Amino acid sequence: MAADYMPFKETFDDFKNTPRYRPHLQHQWQFERDQDPSIVPGFPQRQIIKKYAGANFRCGYKDCGHEWFSKAHSTILFQYDPISHRIKWRKFGQKCRQCHRSEYHQAHYGDEQIERTIDYLLKKLILKVYNINLTVDPPQLNYNNNRGDDLACYCEACMSGNYCRKQD
Ligand SMILES: [Zn+2]
Ligand SMILES: [Zn+2]
């Protein structure tokens, strides 16, 4: 499982040292290797929520194995500590849309989605902590093209408080 988690940390460590972000980061920020499932949304002064990155899901039950893609419900939560400069994070899962069993299955993000997510995280972090605006594009969801994906009832983030819909 760890193999799935590393690209987020690797991408963060890679990006934070590039000229685009490095001059603005006045501290050494540490991105946690593993997710922290104990963090929950609701602390906007210390959290950044990335929505609509687009994730792949696969049902973990062998007799099903259904695979699907979701943009409307692919939320990632980041929680930063302005004292220790550590960043915790957590992906949210989805229930299977075919067999409807109660387990949440992990979201898997591709390289491009991870890069876009880390770019968003760094820009929001720089804006919130250092008040420097590098122009952050708000995550967009074109509902006309994603009607079939708009199934909040399967989404762990929506079940915990409708987080895919909330404005930042
Ligand atoms: Zn959702
Ligand atoms: Zn299934």
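A residue counts as exposed here if 12 or fewer other C-beta atoms lie within 10 Å of its own, as buried if there are 20 or more, and as partly exposed in between. Keep these cut-offs in mind for the views that follow, which show a predicted model.

**View 1. Two histidines in loops have a positive phi.** His100 is found in the loop between S6 and S7. Its phi is near 60°, a positive value in a residue other than glycine. Is His100 buried or exposed? Because His100 has 11 C-beta neighbours inside 10 Å, it counts as exposed. His85 also has a positive phi, near 60°, and sits in the loop between S5 and S6. With 15 C-beta neighbours inside 10 Å, however, His85 counts as partly exposed.

**View 2. The whole chain sets the scene for the close-ups.** Here you can find three helices and seven strands in the protein chain. Starting at the N terminus, the elements follow the order α-β-β-β-β-β-β-β-α-α. The C-alpha trace spans about 50 × 35 × 25 Å along its principal axes. A compact globule of 168 residues would have a radius of gyration near 15 Å, and the 16 Å of the protein chain agrees with that. Of the 168 residues, 31% count as buried. Among contacts with a separation of 6 or more, 68% are between residues 24 or more positions apart.

**View 3. Four strands make an open sheet with mixed pairing.** Which strands should you look for, and in what order? Reading across the sheet, the order is S1-S6-S5-S2. Strand S1 (30–31) and strand S2 (47–50) are the edge strands, each pairing on one side only. Strand S5 (residues 76–80) and strand S6 (residues 86–91) run antiparallel and are joined by five bridges. To find your way along this pair, look for Leu77, which stands opposite Arg90 in S6.

**View 4. Helix H2 packs on the four-stranded sheet.** Helix H2 (residues 111–130) touches S2 and S5. The direction of H2 makes about 150° with that of S2. From its first C-alpha to its last, this helix of 20 residues reaches 28 Å, close to the 28 Å expected at 1.5 Å a residue. Several H2 residues are buried, including Gln113, Thr117, Ile118, Tyr120, Leu121, Leu122, Lys123 and Leu125. An α-helix has 3.6 residues a turn, so residues three or four places apart point the same way. Just after H2 comes Asn131, with a positive phi near 60°.

**View 5. Three strands form an open antiparallel sheet.** What is the order of the strands in this sheet? The order is S4-S3-S7, and the pairing is antiparallel. S4 and S7 are the edge strands, since each pairs on one side only. Strands in a sheet pair through backbone hydrogen bonds, either parallel or antiparallel. S3 and strand S4 (residues 67–70) pair over four bridges, and Ser70 in S4 is the bridge partner of Ala55. Two bridges join S3 to strand S7 (residues 107–108), where His108 stands opposite Asn56.

**View 6. The side chains of S3 alternate between two faces.** Ala55 and Phe57 point to one face and are buried. Asn56 and Arg58 point to the other face and are not buried.

**View 7. The largest nonpolar core draws on helices and strands.** Nonpolar side chains tend to be buried together in soluble globular proteins. How many residues belong to the largest nonpolar core here? It has 31, of which Phe78, Ile87, Trp89, Leu121, Cys155, Ala157 and Cys164 touch the most other members. At least two residues of this core come from each of helix H1 (2–16), S2, strand S3 (55–58), S5, S6, H2 and helix H3 (156–159). The largest share, five residues, is supplied by H2.

**View 8. Cys155 meets residues from elsewhere in the chain.** Which residues is Cys155 in contact with, once its neighbours within four places in sequence are left aside? They are His73, Phe92, Gln94 and Cys164. Cys155 also appears in the view of the core, among the members that touch the most others.

Definitions and conventions
Residues are numbered from 1 along each chain as its sequence is written. Chains are lettered from A and ligands numbered from 1 in the order in which they are written. This is a predicted model: local features need pLDDT of at least 70, side-chain atom pairs count only at pLDDT 80 or more; totals for chains, interfaces and linings use all residues. The radius of gyration is taken over C-alpha atoms; the globule rule is 2.2 Å times the number of residues to the power 0.38. Two residues are in contact if their C-beta atoms, placed from the backbone, lie within 7 Å. Two strands pair if DSSP finds at least two bridges between them. Axes are lines fitted to C-alpha atoms, for helices over the stretch in contact, and angles run from 0 to 180 degrees between N-to-C directions. The expected span of a helix is 1.5 Å times one less than its number of residues. A nonpolar core is a set of buried Ala, Val, Leu, Ile, Met, Phe, Trp, Tyr and Cys residues joined through C-beta atoms within 7 Å.
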